[in-house]
Amino acid sequence: MSRTLAFTRAVPESIAHCELTHVARAPLDLVRARAQHAAYERALTDAGCEVVRLPELPAHADSVFVEDCAVVLDELAIATLPGARSRRGEVDSVAAAFAAHRSVSRLRGAATLDGGDVLALGRTLFVGLSQRTNAEGARQLRELVAPHGYAVEPIAVTGALHLKTAITRASESVLVVNPCWVDTARFAHWELVPVDPSEPFAANVLRVRDTTICSAAFPRTNERLHVRGVSLVQVDASELAKAEGGVTCCALVVPSASRQITPSRRG
């Protein structure tokens, strides 16, 4: 089995000034947030990952949420253009880290795209059209990945920050979804597990090899996944949830690959 890398970044002291869209600002305990993040990294290690810490970015309040800075496939990595301009200074260090493992391409111009809006299911990339990702971002992503055999399917996201706030892959055949935030008809060929109505943010889980990392804050939805045979590891993510973060946001989990790949034309 190939080596699996999990790229993470430390929780910055400035996180209290993070971008917020759908949640109200609340006091955030930095010491607790960092302890929870360390436990999350241990869960990644226990799931079979080699954790790679990216350089700290103290001035970037959202920098712990590394997922938004790249879309990483077997054949290439795409450095994104985050929809929040305050986050664009986070991207270069992520692109530099992946340059050792993938050909790296970049989005340009009027495109905006957050990695949290890209859900890869086989050779199809569902791209959430949200407050952070626009149609031009989806179009440029399609242009970059089509030569490698990927299709891009834009999908509207309403009421949630990112597509992966609304739906993620929990196992080989199961997706967990909040049907209030995304059109479930687009995923008709999958087994769909709806979140418990009292846990609207429970659809964000992170599948790593044969393990699914989830937030312990959502016991009812987690039980729904458990009875469907999903192997769960629960972590306390309550402090970063105050920064509108979930378990997918804090890592870019990818199989290791050689850099010897033909570059795409925007590389």
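Just over half of this protein is tucked away: of its 267 residues, 53% count as buried. What you're looking at is a predicted model, and it contains 6 helices and 15 strands. Here's a quick tour, from the overall build down to a couple of helices.

**Overall build**
- A compact globule with 267 residues would have a radius of gyration near 18 Å, and the 17 Å of this protein agrees with that.
- The C-alpha trace spans about 45 × 45 × 40 Å along its principal axes.
- Take the contacts with a separation of 6 or more: 70% of them link residues 24 or more positions apart.
- On the outside, the protein exposes about 11200 Å², with carbon and sulfur atoms supplying 53% of that area.

**The nonpolar cores**
- A bit of background: nonpolar side chains tend to be buried together in soluble globular proteins.
- Here, the largest nonpolar core has 23 residues, and Y40, L44, I213 and L240 are the ones that touch the most other members.
- Helix α1 (30-46) and strand β12 (206-208) each supply at least two residues of this core, with α1 giving the largest share, 4 residues.
- Y40 is worth clicking on: leaving out residues up to four places away in sequence, Y40 touches L206, I213, V235, V247, C250 and A251.
- There's also a second, separate core of 17 residues, and V71, L76, L125 and V127 are among them.

**Helix α3**
- Helix α3 runs over residues 135-145, and its buried residues are G137, A138, Q140, L141, L144 and V145.
- Those residues sit on the same side of α3, because they cover an arc of only 165° around the axis.
- Their cover includes the strands β4 (76-79), β5 (103-106), β6 (118-121), β7 (124-129) and β8 (151-156).
- At the N-terminal end of α3, N134 acts as a cap, with a side-chain oxygen 3.2 Å from the backbone nitrogen of E136.

**Helix α5**
- In helix α5 (residues 219-226), the buried residues are T221, N222 and L225.
- The arc they cover around the axis is only 100°, so they lie on the same side of α5.
- It helps to know that an α-helix has 3.6 residues a turn, so residues three or four places apart point the same way.
- What do the buried residues of α5 pack against? Four strands take that role: β10 (174-177), β11 (191-194), β13 (211-215) and β14 (232-235).

Notes: Residues are numbered from 1 along each chain as its sequence is written. This is a predicted model: local features need pLDDT of at least 70, side-chain atom pairs count only at pLDDT 80 or more; totals for chains, interfaces and linings use all residues. Side-chain values use heavy atoms; hydrogens and water are left out. Buried means under 20% relative accessible area, exposed over 50%, partly exposed in between (1.4 Å probe, protein chains only). The arc is that of the directions from the helix axis to the C-beta atoms. Contact means heavy atoms within 4.5 Å. A polar contact is a pair of N or O atoms within 3.5 Å; within protein, one must be able to donate a hydrogen and the other to accept it, and residues adjacent in sequence count only if both atoms are side-chain atoms. The radius of gyration is taken over C-alpha atoms; the globule rule is 2.2 Å times the number of residues to the power 0.38. Accessible areas come from the Shrake-Rupley method with a 1.4 Å probe; for residues, only the protein chains shown count as cover. A nonpolar core is a set of buried Ala, Val, Leu, Ile, Met, Phe, Trp, Tyr and Cys residues joined through side-chain atoms within 4.5 Å.
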